[in-house]
Amino acid sequence: MSIIEAKDVSIRYLTGDFKDIGLKEYVVRKLRGNYHVTEFWADRHITFSLEKGDMLGIIGSNGAGKSTLLKAVSGIMVPTEGSLKISGNIAALLELASGFDKDLTVRENAYLRGAMLGYTRNFMNEKYESIIDFAELQDFQDRPFKQLSSGMKSRLAFSIACLVNPDILILDEVLSVGDGAFAKKSGDKMKEILKSGVTGILVSHSLPRVRNLCNKILWIDHGKQVAFTDEVNLYCDAYEEFLNSKILPEDREQVKAMAANLKKRKDKAKLLANRNEAQKLEDMLNKGTSDAAIQAAISLLKKKKPQVLK
């Protein structure tokens with residue numbers, strides 16, 4: 001049984017309609033014959049399904065419709081066309097600042113966010129210490145939330161979402177916020193959560209993170225579905241090449257060709273880098289004094305080619 005099943009989902013925004021401009025402006029424009037509504041389809045005909053324990057990586061350029069699709073999956077928006085079937089409770093991290101009150105303390109905000117996710121006070125009492133420990137905010141519990149850095153806020157939001165017990169966890173770029181140590185910690189936590197059977201969706205511009213965490217890929221471009229597949233590395237390679245060429249694939253053969261082109265470009269860049277390093281080493285030996293040049297060359301080899309010195 002699918003935990004998430006999207007069939008032909010399309011989401012439309014209307015600009016200039018009654019709800020957007022208000023009653024007074026609506027009447028004025030109607031009387032003047034100047035009332036127009038503009039349609040914008042953020043997503044068109046998106047279809048995918050996820051089983052228990054799947055981690056879906058949604059990739060695409062800015063404006064592709066990724067965040068809009070997440071809002072529909074989270075229940076914040078309703079698809080204009082198509083259907084979305086969700087089985088289980090959802091913890092969504094779409095905007096890190098949402099669900100927090102800047103004037104409340106970190107402790108109070110932890111309980112507030114938990115309540116918004118549907119958890120009881122007794123449940124939050126049991127989980128609170130674990131949440132604070134994971135977020136590394138032991139010394140900030142009674143400080144106003146507004147005094148936290150963006151990284152601290154992200155750690156608290158992520159910790160609350162992960163240390164409670166959702167069936168579905170939705171993350172929109174939040175793993176990229178915070179320092180490198182917490183990024184690794186959060187990535188490890190995501191792997192642990194997925195092993196427990198939680199279904200996840202991750203939107204990220206970090207392809208290494210998508211490759212590392214996800215077993216399925218949904219590629220969207222300007223609201224249209226390019227691919228939904230479990231060939232994560234192949235399609236990430238093709239997407240990386242697309243970012244360079246700006247040419248979308250039309251079938252799997254073109255995807256394979258794009259992945260091959262990426263490998264050629266990377267091999268060429270690596271070869272050029274090696275040549276540059278060799279030239280740098282030669283310049284050190286030719287231009288420096290003998291002892292200084294040798295020491296500089298050895299330092300460079302230790303850093304770039306330690307196996308040569310063994």
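Begin by selecting glycine 118, which follows helix α4 and has a positive phi, near 95°; as with everything on this tour, the conformation you see belongs to a predicted model.

From glycine 118, step back into helix α4 itself, residues 106-116, and colour Val106, Asn109, Ala110, Tyr111, Arg113 and Gly114, which are buried. An α-helix has 3.6 residues a turn, so residues three or four places apart point the same way. To see what lies over the buried residues of α4, add the elements that cover them, which include β5 (90-93), α5 (121-135) and α6 (150-163).

Next, select strand β8, residues 216-221, where six of the six residues are buried, so that the strand is largely enclosed by the rest of the structure. Show the side chains and look at each face in turn: Lys216, Leu218 and Ile220 lie on one side, Ile217, Trp219 and Asp221 lie on the other, and all of them are buried, which leaves both faces of β8 covered.

With β8 still displayed, which strand runs parallel to it? Select β3, residues 55-59, which is joined to β8 by four bridges, and pick out leucine 56, whose bridge partner in β8 is lysine 216.

Now add strand β9, residues 224-229, which pairs with β8 in the antiparallel sense over five bridges. Two of the partnerships can be followed by residue: isoleucine 220 has glutamine 225 as its bridge partner in β9, while aspartate 221 is partnered there by lysine 224. Between β8 and β9 lie two residues, the two strands forming a hairpin, and in its turn you should select histidine 222, which has a positive phi of about 50°.

For the last stop, switch to a surface view and select Leu23, Val27 and Leu31, which together make a nonpolar surface patch of about 320 Å². Is leucine 23 itself buried or exposed? Leucine 23, which is found in helix α2 (residues 23-32), has a relative accessible area of 55% and is therefore exposed, the cut-off for that class being over 50%. If you then return to β8, the contrast can be viewed directly, since six of the six residues in that strand are buried.

Notes. Residues numbered from 1 in each chain as written. Predicted model: local features only at pLDDT ≥ 70, side-chain atom pairs only at ≥ 80, totals over all residues. Heavy atoms only, no water. Buried < 20%, exposed > 50% of the residue type's maximum accessible area, 1.4 Å probe, protein only. Pairing = 2+ DSSP bridges. Contact = heavy atoms within 4.5 Å. Patch = residues over 30% accessible without salt bridge, like charges linked within 9 Å, V, L, I, M, F, W, Y side chains within 5 Å. Areas by Shrake-Rupley, 256 points an atom, 1.4 Å probe, with all protein chains shown as cover. Salt bridge = Lys/Arg side-chain N within 4 Å of Asp/Glu carboxyl O.
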